[in-house]
Amino acid sequence: MKNCEYQQIDPQALSVTPLSAQNLGEKKAQSPRRKWEVFPGKNRFFCDGRLILSRQSGILPLTMGLIVVTCGLFFAFDCPFLVKHLTIFIPVIGGVLFVFVAISLLRTSFTDPGILPRATPDEAADIERQIDTSGSSTYRPPPRTKEILINQQVVKLKYCFTCKMFRPPRTSHCSLCDNCVERFDHHCPWVGNCVGKRNYRFFYSFIISLSFLTSFIFGCVITHITLLSQEGKSLVQAIEESPARYPLSLVICFFSIWSILGLSGFHTYLVASNLTTNEDIKGSWSSKRGAEESENPYTYNSIITNCCVTLCGPMPPSLIDRRGFLPPDEPIPAASASDIELPPFRAKNDANMCTQSTKDVLERVVHSSDFPVLCSPGTPKTTPQVLNVSSRAAPTSEPSPSVGCTQQQARQSAATACPPFSRSNKRDSLHSINPAFRLASPSPTLSHTTLILGDAPDTGFNPLH
Amino acid sequence: MAETHSLQDMRQQAAITAKVFIQRDYSSGTMCQFQTKFPSELENRIDKQQFEETVRALNNMYAEAEKLGSQSYIEGCLACLTAYTVFLCMETHYEKVLKKIAKYIQEQNDKIYAPRGLLLTDPIERGLRVVSYNFVSIQTEQIEHFSVLFFLIRAHSR
């Protein structure tokens, strides 16, 4: 009689009608795409998704250039002299340090900092539903904070409107990369990437080794000039006689040494107290702020343990599957499909909703993207509310604070992010506007559809009339 | 009639796309742990004990992956000394545990959840944010849908 097979229902798998069969045919003609090609954040990918960089990779070439030029000058001019007068180990040590710096820099720049993938529509709807089921039938925007207890310390979790989820503790949304990053430290333009949970240890080893390298080169150049001057010539004469390029490496080293050493010292303090730059700037755990005494709940109260945890702890995996393949029948939002679906839907609206089959309803859910058209008359009242929400939401999107490394115009980027918020918020809000709508019409969330179809025969569609 | 289904069956067929999400539990910090509170949607499908056992086993495995023991320190120090190039050749401890977790979830699905019409998804596919239980559907032929349609009309006209 019936051909039953247990199969997990996928919204995409519901498309069996001629309209969707055509779409499927078209899609199969394309080659399978990798997930990095449709990644929503502002990132650039290289080597087919293996390497990730921020789209604003700004001054990374400058950083590389400075390091290479300084080391090149050092090896070309100082080393021959010092090898003759001192020891062969000088270029060896220099070489080792240079290799270390280069590898750390490349790893910091091209490693996923701990980006959290955005919530799927099902999850976002589930979160919204959990917040919404407190009894009120009118739509309320998801509350922006949720308080939890971590080690007897109250911590507020914020809701990210871009990623549609409550951010885990210590996670922050980088406005430059448009991603939520775990254990967000700061966005470093010198490195061209965010510094977060997964690449903090690379960043730290980069700045420490760079401090050693610049100090070493500075010391060697000073030694060189001193030795020259000791050979009977005065200091000024020695500098004049040497090629004009000698002072260049000296000057670069002199200026960078203070900033690099300062930064290394600052980050050593952060590592020892298990803090991030973000938390330090905001003063999240500072006991001086207000009357509340808040302590850092993440610290292990021991410098050695804190250092070991941050630098030598287990290496978490990348949560964004960059090189995975997209499912072959990924639904492409089709505005045309909704137009086709619309007239028959409207005609049936007043008539019995039960005349639609299960699959029909679910198909509409999958193919229609333009929900305002399908709404019951109750919608216009709530739309202004939604737009208010989105305009309120935008200014509070996290600017990514950072010190010593960058100057950001966070407000600009928050402002530009406003239109997308309003669009997506509108779409998400419409499915839970009023109970009549919920019972009578299909909604984007399939869990709502469950409620619709499950309750339909019993209620007899009274709310519609 | 050949296409007679009870209202109950039809409702069950209709409840094919529900997903239950189990969120993260942050009470012990940023470690990957999931809430063991039993969701009400699963009441008819599995026992509370079975559910708690599964979630606790997952929590223990993630705790093992993130454990700060001598092994992870040695791995970290070795990586640091080799300028992190060792990660290109070697699989990290975390990745090994993730494979173990995937195998465990597969096993649980085969033995316990598939017979009850549920599917447990690996949290790594969701960015370690949630564990989700998907209700598995019964996929029917086109002709069955007409029969369901017919039955709906009948139910309404009653």
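Student: Which residues of chain A does the UniProt annotation "transmembrane region" cover?
Tutor: According to the UniProt record, which is an unreviewed entry, the annotation "transmembrane region" covers residues 59–77, 83–106, 202–228 and 248–272 of chain A. Please keep in mind that the coordinates themselves come from a predicted model.

Student: How much helix is there over residues 83–106, and how far apart are the end C-alpha atoms?
Tutor: Over residues 83–106 of chain A the chain is 88% helix and 0% strand, with 30 Å between the end C-alpha atoms.

Student: And what about 248–272?
Tutor: That stretch of chain A is 100% helix with 0% strand, and its end C-alpha atoms lie 35 Å apart.

Student: Which residues make the nonpolar surface patch?
Tutor: The patch, of about 540 Å², is made by Val83(A), Ile88(A), Phe89(A), Val92(A), Ile93(A) and Val96(A). Helix 3 of chain A, residues 89–110, gives the largest share of the patch, namely four residues.

Student: Is Phe89(A) buried or exposed?
Tutor: Phe89(A), which is found in helix 3 of chain A, has a relative accessible area of 52% and is therefore exposed, the cut-off for that class being over 50%.

Student: Switching to sheets: what is the strand order in the one that contains strand 9?
Tutor: The order is 4-9-8 in chain A, in an open sheet of three strands with antiparallel pairing. Strand 4 (115–116) and strand 8 (172–174) stand at the edges with a single partner strand each, so one side of each has no neighbour in the sheet.

Student: How many bridges join strand 8 to strand 9?
Tutor: Three bridges join strand 8 of chain A to strand 9, residues 179–181, and the two strands run antiparallel. As for one particular contact, Cys174(A) has Asn179(A) in strand 9 as its bridge partner.

Student: What is the order in the sheet with strand 6?
Tutor: There the order is 5-6-7 in chain A, and this too is described as an open sheet of three strands with antiparallel pairing. Its edge strands are strand 5 (145–150) and strand 7 (165–166), each of which pairs on one side only. Strand 5 is joined to strand 6, residues 153–160, by six bridges, and Lys146(A) stands opposite Leu157(A) in strand 6.

Student: Okay, charges now. How many salt bridges are there over all chains?
Tutor: A search of the whole structure finds 13 salt bridges over all chains.

Student: Which residue does Asp178(A) pair with?
Tutor: Asp178(A) forms a salt bridge with Arg118(A), and the closest N and O atoms are 3.2 Å apart. Asp178(A) lies in the loop between strand 8 and strand 9 of chain A, while Arg118(A) lies in the loop between strand 4 and helix 4 (121–132), so the pair ties together parts that are 60 residues apart in sequence.

Student: Are those two buried or exposed?
Tutor: Asp178(A) counts as buried at 18% relative accessibility, whereas Arg118(A) counts as partly exposed at 24%.

Student: Which residues meet in the salt bridge that crosses between chains, from helix 4 of chain A?
Tutor: The side chains of Arg129(B) and Glu123(A) meet in a salt bridge at 3.0 Å, N to O. Arg129(B) sits in the loop between strand 2 (118–120) and strand 3 (131–139) of chain B, and Glu123(A) in helix 4 of chain A. Arg129(B) is buried with a relative accessible area of 8%, and Glu123(A) is buried with 3%. Glu123(A), Arg126(B) and Arg129(B) are also linked in a network of salt bridges.

Student: Where do Glu52(B) and Arg56(B) lie?
Tutor: Both lie in helix 2 of chain B, residues 48–65, four residues apart, about one turn of the helix. Their side chains meet in a salt bridge at 3.7 Å, N to O, and Arg56(B) counts as partly exposed at 45% relative accessibility.

Student: Last topic, backbone. What is the phi of Arg170(A), and of Asn301(A)?
Tutor: Most residues other than glycine have a negative phi. Arg170(A), however, has a positive phi of about 70 degrees, and Asn301(A) a positive phi of about 60 degrees.

Student: Where are they, and are they buried or exposed?
Tutor: Arg170(A) has its place in the loop between strand 7 and strand 8 of chain A and is buried, with a relative accessible area of 13%. Asn301(A) lies in the loop between helix 8 (277–282) and helix 9 (303–312) of chain A and is exposed, at 71%.

Conventions
Residues are numbered from 1 along each chain as its sequence is written. Chains are lettered from A and ligands numbered from 1 in the order in which they are written. This is a predicted model: local features need pLDDT of at least 70, side-chain atom pairs count only at pLDDT 80 or more; totals for chains, interfaces and linings use all residues. Side-chain values use heavy atoms; hydrogens and water are left out. Two strands pair if DSSP finds at least two bridges between them. UniProt positions are given in the numbering used here, feature names are shortened, and annotations may be inferred rather than shown by experiment. A salt bridge is a side-chain nitrogen of Lys or Arg within 4 Å of a carboxyl oxygen of Asp or Glu. Buried means under 20% relative accessible area, exposed over 50%, partly exposed in between (1.4 Å probe, protein chains only). Patches are made of residues with over 30% relative accessible area and no salt bridge: like charges are joined within 9 Å, nonpolar side chains (Val, Leu, Ile, Met, Phe, Trp, Tyr) within 5 Å. Accessible areas come from the Shrake-Rupley method with a 1.4 Å probe; for residues, only the protein chains shown count as cover.
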